[in-house]
Amino acid sequence: ELQSMEGAEPCPLDPFVVLPDSSKYVDQQTLKLQESPEDIPTGELPRNILLVVDRHLVQKIVPGTRVTTVGIFSIMQAK
């Protein structure tokens, strides 16, 4: 049960404020990693997974490049 408090200011929608001069920004890129065509059984579609890279790995891969990756697997809820 919510009760209003007399004289109290309502909470703002977003109480957080970005301080650009005090912030650190990091380049980030999302890649779609797809299994190799020769590993796919005939008649099936290739499986894929999203891969997030940052800092010095951004803009290093072009479509069609074959890569081997090592990283941390995280499960995220789709929006």
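## Contacts, strands and salt bridges in a predicted chain

Among contacts in the chain with a separation of 6 or more, 46% join residues 24 or more positions apart. The model is a predicted one. The chain has 79 residues, and buried residues make up 6% of them. The secondary structure consists of two strands and zero helices. Strand β1 covers residues 28-34. Strand β2 covers residues 48-54.

The overall dimensions were computed next. The radius of gyration of the chain is 22 Å. A compact globule of 79 residues would have a value near 12 Å. Along the principal axes, the C-alpha atoms fill a box of roughly 70 × 40 × 20 Å. The accessible surface of the chain amounts to about 8,600 Å². Carbon and sulfur atoms contribute 56% of that surface.

One pair of residues gives a sense of distance within the chain. P20 and G71 are separated by 51 residues in sequence. In space, their C-alpha atoms are 30 Å apart. P20 belongs to the segment before β1. P20 has a relative accessibility of 53% and therefore counts as exposed, since the class of exposed residues begins over 50%.

Strand β1 contains Q29. This residue is buried because its relative accessible area is 18%, and buried means under 20%. Beyond its neighbours within four places in sequence, Q29 is in contact with six residues named here: L51, V52, V53, L57, V58 and Q59. The contact with Q59 includes polar atoms. A polar atom of the Q29 side chain lies 2.8 Å from the backbone nitrogen of Q59.

Q59 itself is located in the segment after β2. Q59 has a relative accessibility of 64%, so Q59 counts as exposed. Q29, by contrast, is buried at 18%. The backbone of Q59 also has a notable angle. Phi of Q59 is near 65 degrees, a positive value in a residue other than glycine.

A positive phi also occurs at R55. The angle there is about 55 degrees, although R55 is not a glycine. R55 is placed in the segment after β2. With a relative accessible area of 52%, R55 is exposed.

Salt bridges were then examined. The count comes to three. One of them involves R55, which pairs with D54. The closest N and O atoms of R55 and D54 are 3.2 Å apart. The two partners fall into separate exposure classes. R55 counts as exposed at 52% relative accessibility. D54 counts as partly exposed at 31%, because the partly exposed class lies between the buried limit of 20% and the exposed limit of 50%.

Another salt bridge joins R47 and E35, with 3.1 Å between the closest N and O atoms. Both R47 and E35 lie in the loop between β1 and β2, so the pair ties together parts that are 12 residues apart in sequence. R47 counts as exposed, at 62% relative accessibility.

The side chains of E38 and R66 also meet in a salt bridge, at 2.8 Å from N to O. This pair links distant parts of the chain. E38 is in the loop between β1 and β2, whereas R66 is in the segment after β2. The residues E38 and R66 are 28 residues apart. Both E38 and R66 are exposed.

The surface also carries a nonpolar patch. I49, F73 and I75 make up this patch, which has an area of about 380 Å². I49 is found in strand β2. I49 counts as partly exposed, at 38% relative accessibility. That value qualifies I49 for the patch, because patches are made of residues with over 30% relative accessible area and no salt bridge.

Taken together, the results give a picture of the chain at several scales. The chain has two strands and zero helices. Its radius of gyration is 22 Å, against a value near 12 Å for a compact globule of 79 residues. Contacts between residues 24 or more positions apart nevertheless account for 46% of those with a separation of 6 or more. The salt bridge of E38 and R66 links parts 28 residues apart. Q29 in strand β1 is in contact with residues including L51 and Q59.

Methods:
Residues are numbered from 1 along each chain as its sequence is written. This is a predicted model: local features need pLDDT of at least 70, side-chain atom pairs count only at pLDDT 80 or more; totals for chains, interfaces and linings use all residues. Side-chain values use heavy atoms; hydrogens and water are left out. Patches are made of residues with over 30% relative accessible area and no salt bridge: like charges are joined within 9 Å, nonpolar side chains (Val, Leu, Ile, Met, Phe, Trp, Tyr) within 5 Å. Accessible areas come from the Shrake-Rupley method with a 1.4 Å probe; for residues, only the protein chains shown count as cover. A salt bridge is a side-chain nitrogen of Lys or Arg within 4 Å of a carboxyl oxygen of Asp or Glu. Helices (H or I, at least four residues) and strands (E, at least two) are DSSP runs, numbered from the N terminus. Buried means under 20% relative accessible area, exposed over 50%, partly exposed in between (1.4 Å probe, protein chains only). The radius of gyration is taken over C-alpha atoms; the globule rule is 2.2 Å times the number of residues to the power 0.38. Contact means heavy atoms within 4.5 Å. A polar contact is a pair of N or O atoms within 3.5 Å; within protein, one must be able to donate a hydrogen and the other to accept it, and residues adjacent in sequence count only if both atoms are side-chain atoms.
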